[in-house]
Amino acid sequence: MSTAVVLNLPEYGHMNATFALVAELVRSGERVVYYATEPFRERVEATGAEYRCYGDPSIFRPPAHSGGLYGVMAFAIGLAERVLPGLLPELRALAPDYLLIDSLCVWGNLARQVLETPAAMLGSVFVTDERRMTVEDMVRHAYGQVPREVLLSGIDALNTYLMTAQRIDRQFGTESPNMVEFFSNRQSLNIIFTSRYFHLAGDAYDDTYKFVGPSIEASANPEAAAPDPRPLVYISMGSIFNDLPDFYRACFEAFGGAEYRVMMATGKVDRAALGAAPENFELREFVPQLQVLSQASLFVTHGGMNSVSEALWHEVPLLVFPQHGDQHLVAARAAELGAGLTLRPPDIEPRKLREMGDRVLREPAFRAAARQIAGSFRDAGGPRRAASEILAWSRR
């Protein structure tokens, strides 16, 4: 039996992708120690892994990263500076045989350097490949056409990242990653929770990348099929950046009174402030997403990788309204493959929103493209293949 330690970013989109894999490793006889925060304890322990706490969960609550990709880096390196002093002594005591580190978990990369422990990367989002992209290319792509205020915020965030990284490197003898290395976090084995077909430029990645498809757990209690024969439109903007009352009201106006029934997840938004919902809308704070997607005809989403993967797994086409970070890339890829359309702020006018929704619902090509992506997900092997690849790698 080997001991594995999982170092992940304690956010739903990153955590959810890993649970089925961890359960497979435990069933294979591995001891798995999983670092997270208290809101995830129950989910971690349900896999059979041992839960360890990073500390105060509030420090992991992501800001709205106004500085673009450099804002993400500044936030993560700040977490690393707070986490590493307590984490490293615990890891030394555990003496793991290998680490499993999330693609955005920079403290996992730095801990690997300090401990000189083999590590595999777990990619729940699209990852870059530093052999194909330079820092200059990535900066041009990320900041070439952004508003001036975003660029200025990015410069400030880059300064924060560099100053913090220098302090960490002096203290621990590490080498903090540059921009491309940060978003690739490439290790000797890289498990990617999507298909090679859906990943950006998937065919260009070498055999150290194992595209295993998303970890979709079938619902044990499927939502009872409604007698209403109208197509179901499901609207959800995720668990973090969902305070969008103007967007929800635009959806009321766009789809209210239409020949669709609409399920809308509003999160913590004050429903009273939204006004009265149309008769064909059902509003809930939270929704059993997999159950609803099993019946949906259209998913209006923020474009989080988990949400998009769950929809495409169920062959549901998309309208994607990305809010930050990788959601723009996911939206672009789904549109490029023909499985949906991307909403931009000018499209949030109700008439335009209705036109785009009608188009996705009525043109069979969108559903056919979603079906093709779903097939690539199922063919990728899933959590069982991911565990098999990790076990074979660790024993080598």
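**Exercise 1. Identify the residue of β10 that stands opposite Ala265, and describe the sheet around this pair.**

*Solution.*
Step 1. Ala265 stands opposite Arg284, a residue of β10. The model examined in these exercises is a predicted one.

Step 2. Consider the two strands concerned. Strand β9 covers residues 261–265 and pairs with β10 in the parallel sense, over four bridges.

Step 3. Place the pair in its sheet. The sheet is open and has six strands, in the order β10-β9-β8-β11-β12-β13, with parallel pairing. At the edges stand β10 (281–284) and β13 (340–342); each has a single partner strand, so one side of each is left without a neighbour in the sheet. On average, neighbouring strands of this sheet are turned by 15° against each other, direction ignored.

Step 4. Add the helix that packs on the sheet. Helix α13 (residues 327–336) touches β12 (318–320) and β13, and its direction makes about 135° with that of β13.

**Exercise 2. Determine the strand order of the seven-stranded sheet and name its edge strands.**

*Solution.*
Step 1. The seven strands form an open sheet with the order β3-β2-β1-β4-β5-β6-β7, and the pairing is parallel.

Step 2. The edge strands are β3 (50–53) and β7 (209–211), each of which pairs on one side only.

Step 3. Neighbouring strands here are turned against each other by 20° on average, direction ignored.

Step 4. A helix also lies across part of this sheet. Helix α5 (residues 106–115) crosses β1 (3–7), β4 (98–102) and β5 (119–123), and runs at about 155° to β4.

**Exercise 3. For strand β6, find the bridge partners and decide whether its residues are buried or exposed.**

*Solution.*
Step 1. On the side of β5, the pairing with β6 is parallel and extends over four bridges. Within this pair, Met121 stands opposite Asn190 of β6.

Step 2. On the side of β7, three bridges join that strand to β6 (residues 189–192), and the two run parallel. Asn190 has Tyr209 as its bridge partner in β7, while Ile192 stands opposite Phe211 of β7.

Step 3. Examine the two faces of β6. Leu189 and Ile191 lie on one side, Asn190 and Ile192 on the other, and all are buried. Both faces of the strand are therefore covered.

**Exercise 4. Describe the backbone angle phi and the surroundings of Ala95 and Glu315.**

*Solution.*
Step 1. Recall the general rule: most residues other than glycine have a negative phi.

Step 2. Ala95 has a phi near 45°, a positive value in a residue other than glycine. Ala95 is located in the loop between α4 (68–94) and β4. With a relative accessible area of 51%, Ala95 is exposed, because the limit for this class is over 50%.

Step 3. Glu315 has a phi near 65°, likewise a positive value in a residue other than glycine. The loop between α12 (305–313) and β12 contains Glu315. Its relative accessibility is 25%, so Glu315 counts as partly exposed.

**Exercise 5. State which residues form a nonpolar patch with Leu151, and classify the exposure of Leu151.**

*Solution.*
Step 1. The patch on the surface consists of Leu151, Leu152 and Ile155, which together have about 260 Å² of accessible area.

Step 2. Leu151 belongs to helix α7, which spans residues 148–172.

Step 3. The relative accessible area of Leu151 is 37%, so this residue is partly exposed. The value satisfies the requirement of over 30% for membership of a patch.

How values were computed. Residues are numbered from 1 along each chain as its sequence is written. This is a predicted model: local features need pLDDT of at least 70, side-chain atom pairs count only at pLDDT 80 or more; totals for chains, interfaces and linings use all residues. Side-chain values use heavy atoms; hydrogens and water are left out. Patches are made of residues with over 30% relative accessible area and no salt bridge: like charges are joined within 9 Å, nonpolar side chains (Val, Leu, Ile, Met, Phe, Trp, Tyr) within 5 Å. Accessible areas come from the Shrake-Rupley method with a 1.4 Å probe; for residues, only the protein chains shown count as cover. A salt bridge is a side-chain nitrogen of Lys or Arg within 4 Å of a carboxyl oxygen of Asp or Glu. Buried means under 20% relative accessible area, exposed over 50%, partly exposed in between (1.4 Å probe, protein chains only). Two strands pair if DSSP finds at least two bridges between them. Axes are lines fitted to C-alpha atoms, for helices over the stretch in contact, and angles run from 0 to 180 degrees between N-to-C directions. Contact means heavy atoms within 4.5 Å.
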